[in-house]
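Please work through the exercises below with the sequence and the structure at hand, and try each task before you read its solution.

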Amino acid sequence: MEDTFLDNKYLLKKDSTVIMPSRVIHTDPAIWGPDVSDFNHKRFTKDQNAQNPSPKLNPKAFRVFGGGTTLCPGRHFAMTEILATVVMFILRYDLIPSDGKWTAPKTDKSNIASVVMEPDTDITVEVVPRANTADCEWDFKLADSAMVFQVAAEDKHD
């Protein structure tokens, strides 16, 4: 590569390193669709139905675990632990907003370099055991599965 101007105004010198905050990619409507700012639980499903306005996603656009030479080696373990914890929590408890209604938190003070935007204030909730679960004994086991849930596409090129 040689010295290059980006948009005819930014000089990128040969052998330079370019770092882009993940948030730039994670909030781009051209990648995620017009509902980029909305919580869309179907955004990552393979079967995107007609009610889901998001375009077919590039698997390399979700950069929560980095990418290229900075791809997190513990990403599979971390995601398994996160999903297992969230699933067990959802099965056992109800979360009720302390003020009685759910509102999206503001993230104006969040660092642009953060992969995930942090809320400006704490989100207070009441954690209530689900009916008929308080007296249950829980046993949690991880087992092999024929299904694969890809969390981060690997894009390292030698």
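## Exercise 1: The order of the elements

Task: State in which order the elements of the chain run from the N terminus on.

Solution: Read from the N terminus on, the elements follow the order β-β-α-α-α-β-β. Counting them by kind gives 3 helices and 4 strands. Please keep in mind throughout that this is a predicted model.

## Exercise 2: The chain as a whole

Task: Find what percentage of the 158 residues of the chain count as buried, and what share of the exposed area carbon and sulfur atoms supply.

Solution: We begin with burial, where a residue needs under 20% relative accessible area to be called buried; 20% of the 158 residues in the chain count as such. We then turn to the surface, of which the chain exposes about 13100 Å², with carbon and sulfur atoms supplying 56% of that area. As a further step, if we take the contacts between residues at least 6 apart in sequence, 54% of them join residues at least 24 apart.

## Exercise 3: Salt bridges

Task: Work out which residue forms a salt bridge with Arg-130, and which one does so with Asp-3.

Solution: The whole structure contains 3 salt bridges, and we take them in turn.

- Step one: Asp-3 pairs with Lys-13, and their closest N and O atoms are 3.4 Å apart. Asp-3 sits in the segment before β1 (4-6), while Lys-13 sits in the loop between β2 (10-12) and α1 (22-26), so the pair links distant parts of the chain, 10 residues apart.
- Step two: Lys-9 pairs with Asp-7, the closest N and O atoms being 3.8 Å apart. Lys-9 is exposed at 53% relative accessibility, and Asp-7 is exposed at 60%.
- Step three: Arg-130 pairs with Asp-94, with 3.3 Å between the closest N and O atoms. Because Arg-130 lies in the segment after β4 (125-129) and Asp-94 in strand β3 (residues 93-97), this pair ties together parts that are 36 residues apart in sequence.

## Exercise 4: An aromatic pair

Task: Decide whether the rings of Phe-89 and Tyr-93 are stacked, edge-to-face or tilted.

Solution: The structure holds 1 aromatic pair. The ring centres of Phe-89 and Tyr-93 are 5.1 Å apart and the planes stand at 40 degrees. Planes under 30 degrees apart would count as stacked and planes over 60 as edge-to-face, so the pair of Phe-89 and Tyr-93 is tilted. Finally, Phe-89 is partly exposed with a relative accessible area of 34%, and Tyr-93 counts as partly exposed at 26%.

Notes. Residues numbered from 1 in each chain as written. Predicted model: local features only at pLDDT ≥ 70, side-chain atom pairs only at ≥ 80, totals over all residues. Heavy atoms only, no water. Phe/Tyr/Trp six-rings, centres within 6.5 Å; stacked < 30°, edge-to-face > 60°. Buried < 20%, exposed > 50% of the residue type's maximum accessible area, 1.4 Å probe, protein only. Helix = DSSP H or I, 4+ residues; strand = E, 2+ residues; numbered from the N terminus. Contact = heavy atoms within 4.5 Å. Areas by Shrake-Rupley, 256 points an atom, 1.4 Å probe, with all protein chains shown as cover. Salt bridge = Lys/Arg side-chain N within 4 Å of Asp/Glu carboxyl O.
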